[in-house]
Amino acid sequence: MAGLTLALLSAGCAGGSGGSDGQPAGVGERVTETRTPTGTPAARAATGSDAKQLAALRARAGIAPCAGLTVGPGGSVHQAPPGPPGKKPLPDVTLACLGSGRSVRLSDLKGTPTVLNVWAQWCGPCRQEAPHFQKLYAASGNSLRVVGIDYADPRPEIALAFARDLGLRYPQLADPDKRLLAPFGLLVGIPATVFVGADGKVVHVAHRAYDSERELRQDVRTYLGVKL
């Protein structure tokens, strides 16, 4: 893999929002690239992974399928209610389902308020806050959609193993090519959490790591009006 250097990290995510590097128990190695500009190295690494292995890892992790993200309980695509003016819609970007499964067009995520957590297995703060998103997902029912996006990650199999070890069941997408870099302002690093209204428009982007489920729920209530 020309021009790409992989390194085991002993510190948090490069360009991230700071925070300590402690991590939940039961997690393994972290691997990232040391070169960070937008480009294709991460994509090449991801496509080089064995598809069957990734599918098996995803199945063992028990992650919810991506196919249901844009389909309502009755089997039809959600119809978005009208929203307030001035907010930008989700970018018209289609992302692969992490490991295996149907790709998802972000701009189709309508009809239900949505929380998108942009993370990576190599990001220490992302690892620390991940259990808070699982608790949010477990409590969300039909009132909130919780989705993870594994970002700029050359080793999706490690991300899936991390999800398995932590019991992360919410749907996971993959953005190895950093297509969300500009739309979500990710030059400042990850984690980032995107709050999306039921009309599919971005209400707020939090460039921070959440220290507790309580803080996360508070922002869900503040930006999306959903009380859990």
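Let's start with two helices: helix 3 passes helix 5 in a right-handed crossing. Keep in mind that this is a predicted model. Helix 3 covers residues 124-140 and helix 5 covers residues 213-224, and the two pack with their axes 9 Å apart at an angle of about 55°. That makes helix 3 and helix 5 oblique to each other, because an angle of about 55° falls outside the ranges that count as roughly parallel, antiparallel or perpendicular.

Who does the touching? On helix 3 you'll find His-132, Phe-133, Lys-135, Leu-136 and Ala-139, while helix 5 brings Glu-213, Leu-216, Arg-217 and Val-220. Sort the residues of this contact and you get five nonpolar, one polar and three charged.

Now hop over to another pair. Helix 2 (residues 51-61) packs with helix 4 (residues 156-166) at an angle of about 15°, and their axes lie 8 Å apart. Helix 2 and helix 4 are therefore roughly parallel to each other. Their crossing is left-handed. Here the contact involves Leu-54, Leu-57, Arg-58, Arg-60 and Ala-61 from helix 2, plus Pro-156, Glu-157, Leu-160 and Arg-164 from helix 4. This set splits into five nonpolar, no polar and four charged residues.

How far does the confidence go? The protein has a mean pLDDT of 80, with 71% of its residues at 70 or more. Of its elements, strand 5 (residues 114-119) has the highest mean pLDDT, 98, and strand 1 (residues 6-8) the lowest, 38. Over residues 1-12 the pLDDT is below 50, though this stretch still has 28 contacts in the model beyond near neighbours in sequence. Residues 33-46 are also below 50, with 31 such contacts.

How values were computed: Residues numbered from 1 in each chain as written. Predicted model: local features only at pLDDT ≥ 70, side-chain atom pairs only at ≥ 80, totals over all residues. Heavy atoms only, no water. pLDDT = per-residue confidence, 0-100. Helix = DSSP H or I, 4+ residues; strand = E, 2+ residues; numbered from the N terminus. Contact = heavy atoms within 4.5 Å. Axes fitted to C-alpha atoms, helices over the stretch in contact; angles between N-to-C directions. Left-handed = near helix turned anticlockwise from the far one by under 90°. Nonpolar A, V, L, I, M, F, W, Y, C, P; charged D, E, K, R; others polar. Parallel < 35°, antiparallel > 145°, perpendicular 65-115°, else oblique.
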